[in-house]
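Here are a few exercises to help you find your way around a new structure. Have a look at the sequence and the model, then work through them one at a time.

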Amino acid sequence: MSHSYSGRKKLFIVFIIVLYIWGILGIGTIGVRADEKGQYDISSYLLDSIRDNTNFSMTVYDASNGLMTSSANAIAETKDGFIWIGISNGLIRYDGGSFERIDPTGNISNVLSLYADSSDRLWVGTSFNGAAVLSGNEAKTYDRTNGLESLSVKAISEDGNGNIYLATNAGIGVVAPKDGQLSMISDERISGKSIRNFRRSDQGMVYGLTEAGDVVIISDGCVTGFFSAERFPGGQLTAILPDPRDPNGFYAADGGNKDFLYCSIKGDELVFDVLESGLFYVNSIEIIGGIPWLGYEYGLYILFEDGNIGEIPGLYNSVESILVDYQGNIWFASSQRGVIKLTVNRFYDIYYHLTGGAAQESLLNASAVAINEDYIYIAEGNRYVEIIDINDPGQTPDYDLLDFLIDEQVQSFMTDSRGRIWICAAGYYPLLCYNGKDIETYGVSDGLPSKNVYSMIERADGSFAAACEGGLVLISGNKISNVYNKDSFLGADPVTLAENAAGELVIGTDGEGIFILGKDGLTHISTANGLPSDVVLRVKKDRALDTIWIIAGDSVAYMNSGRQITTVGGFPYYDNYDLFENDKGDIWVLGSNGIYIAPKSEMLENKEINAIHYGLDNGLPFPVTPNSHSFLTDEGDLYISGQKGIIKVNINDNLGYYDTIKMSVPYADADGTRIYPDADGTFVIEPGIKRLTVYGHVCNYTMAEPVITYRLAGFEDTENTVSGRGSVQAVYTNLKGGDYSFTINLTDIQNDYENTLSVKIVKKLALYEQLWFKILIFAAAAAAVAAVIILFYRHKLKIYSRKAEENKNLVREIVEAFAKVIDMKDKYTNGHSTRVAEYTVMLAEELGLDAETVDKFRNIALMHDIGKVGVPGDVLNKPGKLSDEEYHIIQTHSPLGYDTLKGISIMPDLAEGARSHHERPDGKGYPRGLKGNEIPRVAQLIAVADTFDAMYSNRPYRKRMNFDRAVSIIQENSGTQFEKDVVDAFTRLVEKGRLKPAEDDNGGGTTENIDNIRKNNS
């Protein structure tokens, strides 16, 4: 973005540029106004340039600092902010920090011309390989295969309809905007002619210049105007530029008569305004600030509005092209010197400008400076004092004052509230007060403790204090009122003074820390009280707070109203000399490494400090003189004592170097392969990439250096910080698949500036990162785990099953053994327990019970009569009818069986079968008289099986009952003695033939002495 100015402002800016370059190159005055050669006297603008507080720095880029060559043929800028430079080695891209050779076609060398078109494509013209057009990651070449009749492309331009024109040694090629096809303009006036230059007008017309000096005007692929060289006064045009204000006017350089022409087209006629420039070969013309700049074969010239021409001395080499970048910096491509850049610089070498550069080498290590309404006072080390009249630098200064100072070594200056200048020195007159006419001196005879005064201040009540070798002096009413000798300061010398809000005098010494002079006398503060060093270089009162700033030893510190010392631990530099505060609350600290600017709030918080640094590489003309005294005016102009002069800078100004610094991420590198963003600006990374390098560019060509931080959100939590210009090269390894945001952030606290760029990076998910794959893997893993678990449990289950089967068999065998024991006890019922168990199993199966329950019921049934073991044998084995007493004894076998089995935890129901198999649904059973569902299920089944077996088995004392009779008795007692559904199941077993009469079933038998039936009959 170029800046435009009007009126005198135009001239001021141009003249300032000229002055600065002129000064850097060490050239004297240009000459006098309007001499016979038309040279322009710019010395009258010296004062304006000082008051305007504007300066320019010149930077030369060549083989010594990264350009790879000291010869440049062309220069251009694309919309992304990159500067492109055409050199013999090829094409160079520059972002303000680093140079990079670009050759996507593999055939770009000997670049002659560059052009950025309206679509932001960069066109490159070469000497031997035709032209190429670069757009993102794509490049296309134009040579003889496309119909280009010459491979030397000297200039490129574009008309208002998007047609691209290539100037060659054999005519003009046209590239159509729609299909990119090339054709040669067929016009006998230019066919086969060598074209040297193109410039586009604001109306979209392209002005061309042939090597013979003919002017050709082109639009939409056709020649719309042609003026042969013979029609111009000198007949030898070398450069041309359409007038941006007049569609029918153009500038031209005519080497034939060494003229600069303004040409007006009136129909078929040309009208000329002629200026004798004295320049026979101008390569390029550019309008900057409304004024023509001429790139000459042997330098650079400016054409002023009054028609005069001014030379920028020192550029005694060919300037091929001129460019103003988007930040307003001015660039020159030189075939003999590389690339030259003029940049706005906030630091102004005022001493050089005031003296016209004549005394530049005579002033070294300025130690003190002061300003009043009329003069600048400058002290230089041990040598002399110089006084310069601001309004008329050439006027002879006051020699009376200089005579007083001729043998003095000036330490510092101070201007008081009355405009007087106080001079602190070492010599016969160690302290002087000068009001512009009269000089008042103070010496040892007046009460000073020595002939050496370091510094002084004016106090709030209008009195003064001076820090001297040997003590402290208070001055009131032009007289020394009090003296505190060296002993008062423990043998140290006071060197720096400040006054706090309470009116107390704060005194810094050269070895004993700080003393505070108040109503109670002197109070001593040293390292024992938190002071970082007992050597104190400066104490300064804060402008708004009751705080004293301190530079002590290698630290910056401050003291609050309670006299508590805090060292600013996060301050970025240690070898500092002085500090000043601006209107915004920023602290400027001057030191051996230049200037650091930090927010006061951050320094008081004593946390991380985001400081801006100015040094020799970004604007400071030369280093600050060690332990020197600088001067700050009420307007914020800081005059810095430097090693080669006085530097002026306004510490309150926002420079406005930029509206927006352009940033971009043009490409990234994935495992050595360059990748570019897609149409949406997203970088898509393949899943197998191990190393990703993101190349961010901050195109900043000013002296300002904002803080640059970057972060890949989604991968890293903290920001990374780099220098304030150039490239950001961020390397990431083993990046997982997913979406990321790469962000570059710029901040400049001094200029209240912030800007952010964010680009999206998507790394495709690897197969193993796909959701379905994860689900599949998870499922497979789960299946594998499940399979292992299943196999494990199957194995365990087999073991447990085998064990359980073994236990089951063991239990069965034990139960069967006990059943045999029971039957052995009752000699008349041999096999009874086994048969009851079998019948119980049959009933359980018929009722649909599971196998485990059926098996359990079998064991319980086998043990149902275990209580008979406790019944006396004579009763149990009595062959006849039992008495009631004997019957009651028999009934005890149920509770006896329960007591016997209840402790077996492996089968708790075992005891219930023994206890409850004589219970009845009608409640007439024993031993507890349970009813219906109160009776355990297994007991309900055993009751039927036990009764049936009792009736249908032979006894020694009687025969078994007839089968049908036994079945009918069971059925007759359904719902009373037996559970109805069990009897139904019993009936179904009979009907199915699972229970059937024995082969020898011939009837007979009774129910006498059958325990199950007896009770029922009773």
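**Exercise 1.** How many helices and strands does the protein have?

Keep in mind that you're looking at a predicted model. Going through the chain, you get 16 helices and 64 strands. Next, look at burial: of the 1018 residues, 54% count as buried. Then turn to the surface, where the protein exposes about 43500 Å², with carbon and sulfur atoms supplying 48% of that area.

**Exercise 2.** Find Y768 and work out whether this residue is buried or exposed.

Start with the location: Y768 sits in the loop between β64 (753–763) and α6 (771–825). Now take its relative accessible area, which is 53%. Exposed means over 50%, so Y768 is exposed. For its surroundings, leave out residues up to four places away in sequence, and Y768 touches F773 and K774. Finally, compare P687: it is 81 residues from Y768 in sequence, yet their C-alpha atoms are 9.9 Å apart in space.

**Exercise 3.** Describe how α13 and α15 pack.

For two packed helices, you give the angle between their axes and the distance between the axes. Helix α13 (residues 937–951) and helix α15 (residues 980–992) pack at about 45 degrees, with axes 10 Å apart. That angle makes α13 and α15 oblique to each other, and their crossing is right-handed. The contact uses R937, Q940, L941, V944 and F948 from α13, plus D981, V982 and F986 from α15. Sort these residues by type and you get 5 nonpolar, 1 polar and 2 charged.

Conventions. Residues are numbered from 1 along each chain as its sequence is written. This is a predicted model: local features need pLDDT of at least 70, side-chain atom pairs count only at pLDDT 80 or more; totals for chains, interfaces and linings use all residues. Side-chain values use heavy atoms; hydrogens and water are left out. Helices (H or I, at least four residues) and strands (E, at least two) are DSSP runs, numbered from the N terminus. Buried means under 20% relative accessible area, exposed over 50%, partly exposed in between (1.4 Å probe, protein chains only). Contact means heavy atoms within 4.5 Å. Accessible areas come from the Shrake-Rupley method with a 1.4 Å probe; for residues, only the protein chains shown count as cover. Axes are lines fitted to C-alpha atoms, for helices over the stretch in contact, and angles run from 0 to 180 degrees between N-to-C directions. Angles under 35 degrees count as roughly parallel, over 145 as roughly antiparallel, 65 to 115 as roughly perpendicular and the rest as oblique. A crossing is left-handed if the near helix is turned anticlockwise from the far one by less than a right angle, and right-handed if clockwise. Ala, Val, Leu, Ile, Met, Phe, Trp, Tyr, Cys and Pro count as nonpolar, Asp, Glu, Lys and Arg as charged, and the others, Gly among them, as polar.
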